[in-house]
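Me: I should like to go through the strand pairing of this chain with you. Please take the questions one sheet at a time.

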Amino acid sequence: MDWSCQCDFADVDHDGDDDLMHSSYGQAFSGAVMSRMFLNNGGFFSEYNPSAQISGNPNIAPGSGAGFLEGQHQTNTTDTTGLFHDIANVSLDVDFADFDGDFDNDIQASSRDTQQRIFQSRWYENGESYGNEVATTRLYRDVTGSWLLGPGGLAQLPGANYDNDFHDMDNDSDVDGYFLGYIGTQDRWAVNDGSGHFQSFQTVPNSANDDNETDWHDFDHDGDVDPFISAFSGADRFYKNQYVETSSINLTEVQLGQGLGVQTLGSDMGDMDNDGDIDIICAEDSGQNEVLLRNNINVPDPIAPRIDQIQQLAPGNPSSTPRRIISRVWDNINFEYMKQATGTLNFTVNGNPHSAHAKYTGGNLWRSVIPGYFYGNISYSLTVSDRVGNAGTSAVKAVVIPLQGFTTFGTDLPGCHGAHVLGVGTAPTVNNPEFSMTCTGGPASSMSLCLVTDSQGRASTSLVSESRSGPM
């Protein structure tokens with residue numbers, strides 16, 4: 001029942017693997033078939049569609065609760081309360097990004113012939129869950145009516161938006177957008193007010209063409225991102241972002257060579273010649289040769305990733321469940337290119353150093369975890385290194401986790417070596433490879449006995465351990 005042009009991946013349920021957002025533009029651009037979401041369960045994808053209603057083919061029925069959005073389907077709705085959504089907006093392109101800065105991936109769905117949409121992730125609003133998975137509380141909410149604002153805003157321009165791409169255009173650590181117009185409609189860019197609302201829409205010169213795709217990279221290594229436009233009809237275009245030079249977004253066209261990229265279906269970025277800078281390869285239609293645009297700056301990228309926000313862990317008891325940490329990361333390249341980067345969470349527990357792998361999870365977000373069994377004073381920071389080795393590190397966060405679930409019973413009379421003292425290295429949680437017990441204060445080579453049960457002492461089984469004075 002799908003006619004899909006483009007899809008995107010991100011970890012929408014915070015379980016560490018990539019889920020799939022599957023767009024649909026309807027049969028011959030005339031249908032209204034819902035876009036769909038598939039959750040990754042260890043490599044197997046299952047559709048997230050709590051109502052189990054099926055989209056009509058070729059048109060979804062008004063009032064249908066099918067899909068991953070709160071409420072009922074209503075074409076071109078402006079409702080932002082969750083009562084209604086438009087899940088069948090003839091979407092050509094979908095993109096994940098954390099538009100509202102709350103550490104989960106929202107969705108933007110463009111459209112050639114109908115109103116584009118923005119869907120807000122409600123993961124944290126639902127108490128770090130899908131919600132109750134019925135029509136009133138689901139994982140996403142249609143917020144198009146309030147998030148696309150301002151004069152010239154795309155909420156007022158249905159049927160004029162072909163493809164979009166998102167990045168921080170003014171280096172203020174929120175997600176701005178470039179909105180590619182359809183034939184006869186100029187492209188627009190807009191800044192984010194910090195809470196997910198796009199505003200101050202500006203038109204882009206020489207842009208009312210039949211274009212196919214937008215991509216970001218910092219081709220001149222000045223520290224801001226520049227858009228490259230793949231043109232299906234006419235020449236491909238570069239726009240230099242003048243933000244670093246002028247402290248204001250000003251997109252100035254940079255002329256490419258004649259005859260290059262005259263019917264481009266799409267482009268992608270990468271260091272094709274291993275000289276450290278980013279080149280572009282363009283896929284051409286109608287039997288034409290593909291085009292490689294080689295970047296001749298011939299200097300490795302000097303700009304390190306920027307990690308401006310990392311989640312503050314909340315205090316809580318030790319647990320067998322890892323403590324998840326999401327971070328917002330920026331680099332001077334398309335978001336998805338960050339898959340080429342490496343991330344490490346460095347943390348200390350009561351002064352002892354540890355590290356853990358961090359993973360890119362779509363949009364501008366990275367995920368890392370600290371084992372839940374650690375207790376005491378924990379401090380942590382994230383380091384991300386790009387392909388050529390530039391490393392950026394976040395601020396250091398800290399949390400105090402009190403020891404729970406371990407109690408000593410009885411008292412001990414001090415001997416010649418003092419009173420015996422029983423201690424633990426981590427909390428005694430299930431599947432904890434670092435849990436250890438120590439008994440100090442005994443003579444050398446002495447024996448000790450420890451009985452471990454649940455907190456009430458009524459466990460069906462117990463652990464009895466004997467060892468010499470020291471770790472048990």
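The questions below concern two sheets of this predicted model.

Me: In the open sheet of four strands, which strands are the edge strands?
Reply: The four strands are arranged in the order β1-β2-β3-β4, with antiparallel pairing. An edge strand here pairs on one side only. The edge strands are therefore the two ends of that order, namely β1 (7-10) and β4 (44-47).

Me: By how many degrees are neighbouring strands of this four-stranded sheet turned against each other on average?
Reply: The sheet is open, and its pairing is antiparallel. With direction ignored, the average turn between its neighbouring strands is 25 degrees.

Me: Which residue in β3 stands opposite H22?
Reply: Strand β2 covers residues 19-22 and strand β3 covers residues 36-41. The two run antiparallel and are joined by three bridges. Opposite H22, in β3, stands R36.

Me: In the open sheet of three strands, which are the edge strands?
Reply: The order of this sheet is β19-β20-β21, and its pairing is antiparallel. Two of its strands each pair on one side only. These edge strands are β19 (264-270) and β21 (291-293).

Me: What is the average turn between neighbouring strands of the three-stranded sheet?
Reply: This sheet is open and has antiparallel pairing. Direction being ignored, its neighbouring strands are turned against each other on average by 20 degrees.

Me: Which residue in β20 is the bridge partner of G270?
Reply: Strand β20 comprises residues 279-284. Its pairing with β19 is antiparallel and extends over six bridges. Within β20, the bridge partner of G270 is D279.

Technical notes. Residues are numbered from 1 along each chain as its sequence is written. This is a predicted model: local features need pLDDT of at least 70, side-chain atom pairs count only at pLDDT 80 or more; totals for chains, interfaces and linings use all residues. Side-chain values use heavy atoms; hydrogens and water are left out. Axes are lines fitted to C-alpha atoms, for helices over the stretch in contact, and angles run from 0 to 180 degrees between N-to-C directions.
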